[in-house]
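I opened this structure to look up a few things and write down what I found. The entries are short and follow the order in which I looked.

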Amino acid sequence: MLAAGKSGTILSVGVMELFLNKYHIIFPFFLGKFDFSISDFALTVLFVPLIVAFVMFIGSRKMSYYPRGLQNFVEIVYEACYNVFYGYLGQRGAKYIPFLFSLILFIFLLNVANLIPGLFACTSQLALTLSLSLMVFLLVVVIGFWEHGNKFWQTFIPPDLPFVLKPFLFILELFSFLIRPMSLALRLVINMVAGHVMLHIIGSFGAGIWSIKILAIAISSILSIFELVVAALQAYVFALLSCIYIADIMHGHED
Amino acid sequence: MEIQVAKIFGAAIAIVPLFGVAIAIGQIYSTLISSVARNPSVKKDVFPMAIMGFAFTEAIALFAMLIAFLILFN
């Protein structure tokens with residue numbers, strides 16, 4: 001599978017090359033000047049969510065009043081997420097919950113797929129997470145203009161503020177608004193990369209004497225479980241932060 | 001001083017924010033424990049907030065790690 005000649009990094013800027021994974025091109029495919037080659041990165045991003053989408057589809061195909069089998073599982077997962085997001089968004093923002101639910105599932109599954117040997121660590125690439133967070137950012141901007149119209153810019157200024165403070169606070173709030181997608185994407189990437197670097201370092205202890213080898217195996221298996229927790233936590237944090245941004249722009253300074 | 005040595009020192013200094021981050025995470029969880037111990041029914045509301053605070057604080061530590069890597073390997 002990995003026997004491809006050409007390889008490179010996505011967004012290779014200096015240091016990123018050193019501790020980010022390299023993708024391998026499996027099916028080279030060019031359209032004119034544009035590169036549409038299928039890499040293992042693209043295959044993982046395509047197929048891991050497809051499996052889950054299939055499970056969710058089968059589970060919710062024939063909804064009955066008394067849930068049986070797979071429908072139980074689907075309902076438990078959806079309702080757990082729904083209750084968390086509903087607390088922030090309220091009745092008016094409940095229409096955005098399916099988007100957030102698919103976001104949390106997508107990120108969680110790719111995070112878990114990171115830990116399976118042989119699969120590509122997709123969420124440790126800035127290209128994927130930055131596109132996800134830019135999607136959220138665009139959604140927030142569109143919702144902001146949809147809800148407030150031209151008064152969108154006034155949401156950056158808290159009400160009942162002295163006139164002198166307003167421009168400074170506007171610049172500050174605008175800056176923190178624009179930095180959001182970058183910090184969202186970086187948080188996920190760095191968490192994943194830090195976990196993998198840690199596992200790599202612990203794994204390299206295995207070259208010593210046998211007692212250290214056993215210790216290294218024990219530590220790395222405990223760390224793998226810890227990484228599973230981190231995977232769930234980061235997916236939760238990503239979706240919850242997106243939810244808070246949407247709720248923030250919808251309700252503004254009303255409450 | 002050779003440039004390689006200077007890089008290592010720079011990376012070591014870039015990790016100093018971990019001091020503050022450790023204090024902050026300890027503070028978050030100690031406050032969570034004491035608030036839940038005083039009123040156990042509030043756990044459902046407080047726990048997501050604690051996780052959010054933890055994530056924000058942890059992000060600072062990881063940014064420090066990123067800066068250290070940038071200094072070390074660039």
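**Entry 1: salt bridges**

I began with the side chains of E147(A) and R92(A), which meet in a salt bridge at 2.8 Å, N to O. The model is a predicted one, and I keep that in mind for every entry. I noted the general point that side chains of opposite charge can pair when their charged atoms come close.

Then I looked up where the two partners sit. E147(A) belongs to helix α5 of chain A and R92(A) to the loop between α3 and α4 of chain A, so the salt bridge ties together parts that are 55 residues apart in sequence. I checked how open each partner is. E147(A) has a relative accessible area of 27%, so I put it down as partly exposed. R92(A), at 42%, is partly exposed too.

How many salt bridges does the rule count over all chains? The count comes to two. I found the other pair in D248(A) and R180(A), whose side chains meet at 3.7 Å, N to O. Here D248(A) lies in helix α7 of chain A and R180(A) in helix α6 of chain A, so this pair ties together parts that are 68 residues apart in sequence.

Is R180(A) buried or exposed? Its relative accessible area is 17%, and buried means under 20%, so R180(A) is buried. D248(A), with 43%, is partly exposed.

**Entry 2: chain A as a whole**

I counted the elements next. Chain A has seven helices and five strands. Read from the N terminus, the order is β-α-β-β-β-β-α-α-α-α-α-α. Chain A has 255 residues, and 39% of them count as buried.

I also looked up how far apart in sequence the contacting residues are. Among contacts in chain A with a separation of 6 or more, 64% are between residues 24 or more positions apart.

**Entry 3: the nonpolar cores**

The largest nonpolar core has 52 residues. Which of them touch the most other members? I wrote down F85(A), L89(A), I107(A), F238(A) and I246(A). Several helices each supply at least two residues of this core, including α2 (40–59) and α5 (126–148) of chain A, and α3 (43–73) of chain B is on that list as well. Helix α7(A) gives the most, with 13 residues.

I followed one core member further. Leaving aside neighbours within four places in sequence, I107(A) is in contact with T123(A), L132(A), L188(A), A235(A) and F238(A).

There is also a second, separate core of nine residues. I190(A), V193(A), A194(A) and L62(B) are among its members.

**Entry 4: two residues of helix α2 in chain A**

I picked T44(A), which lies in helix α2 of chain A. Its relative accessibility is 5%, so T44(A) counts as buried. Not counting residues up to four places away in sequence, T44(A) touches P49(A), L110(A), L119(A), F120(A) and C122(A).

A42(A) is found in helix α2 of chain A as well. At 23% relative accessible area, A42(A) is partly exposed. I took one distance here: A42(A) and I25(A) are 9.3 Å apart, C-alpha to C-alpha, with their positions 17 residues apart in sequence.

**Entry 5: where the chains meet**

I moved to the interface. On the side of chain B, 16 residues are in contact with 18 residues of chain A. The two chains bury about 1,500 Å² between them, and 83% of that is on carbon and sulfur atoms. M52(B), L62(B) and L66(B) supply 29% of the area that chain B buries against chain A, more than any other three residues.

What kinds of residue does chain B bring to this contact? By class I noted 14 nonpolar, one polar and one charged. I then searched for salt bridges across the interface, and the rule finds zero. For residue pairs in polar contact, both at pLDDT 80 or more, the result is also zero.

**Entry 6: a loop in chain B**

Last, I looked up S41(B), in the loop between α2 (18–38) and α3 of chain B. S41(B) has a relative accessible area of 61% and is exposed. Its side chain makes a polar contact with the side chain of N39(B), at 2.9 Å.

Note on methods
Residues are numbered from 1 along each chain as its sequence is written. Chains are lettered from A and ligands numbered from 1 in the order in which they are written. This is a predicted model: local features need pLDDT of at least 70, side-chain atom pairs count only at pLDDT 80 or more; totals for chains, interfaces and linings use all residues. Side-chain values use heavy atoms; hydrogens and water are left out. Contact means heavy atoms within 4.5 Å. Buried area is the accessible area (1.4 Å probe) that two parts lose on being put together, summed over both. A salt bridge is a side-chain nitrogen of Lys or Arg within 4 Å of a carboxyl oxygen of Asp or Glu. A polar contact is a pair of N or O atoms within 3.5 Å; within protein, one must be able to donate a hydrogen and the other to accept it, and residues adjacent in sequence count only if both atoms are side-chain atoms. Ala, Val, Leu, Ile, Met, Phe, Trp, Tyr, Cys and Pro count as nonpolar, Asp, Glu, Lys and Arg as charged, and the others, Gly among them, as polar. A nonpolar core is a set of buried Ala, Val, Leu, Ile, Met, Phe, Trp, Tyr and Cys residues joined through side-chain atoms within 4.5 Å. Buried means under 20% relative accessible area, exposed over 50%, partly exposed in between (1.4 Å probe, protein chains only). Helices (H or I, at least four residues) and strands (E, at least two) are DSSP runs, numbered from the N terminus.
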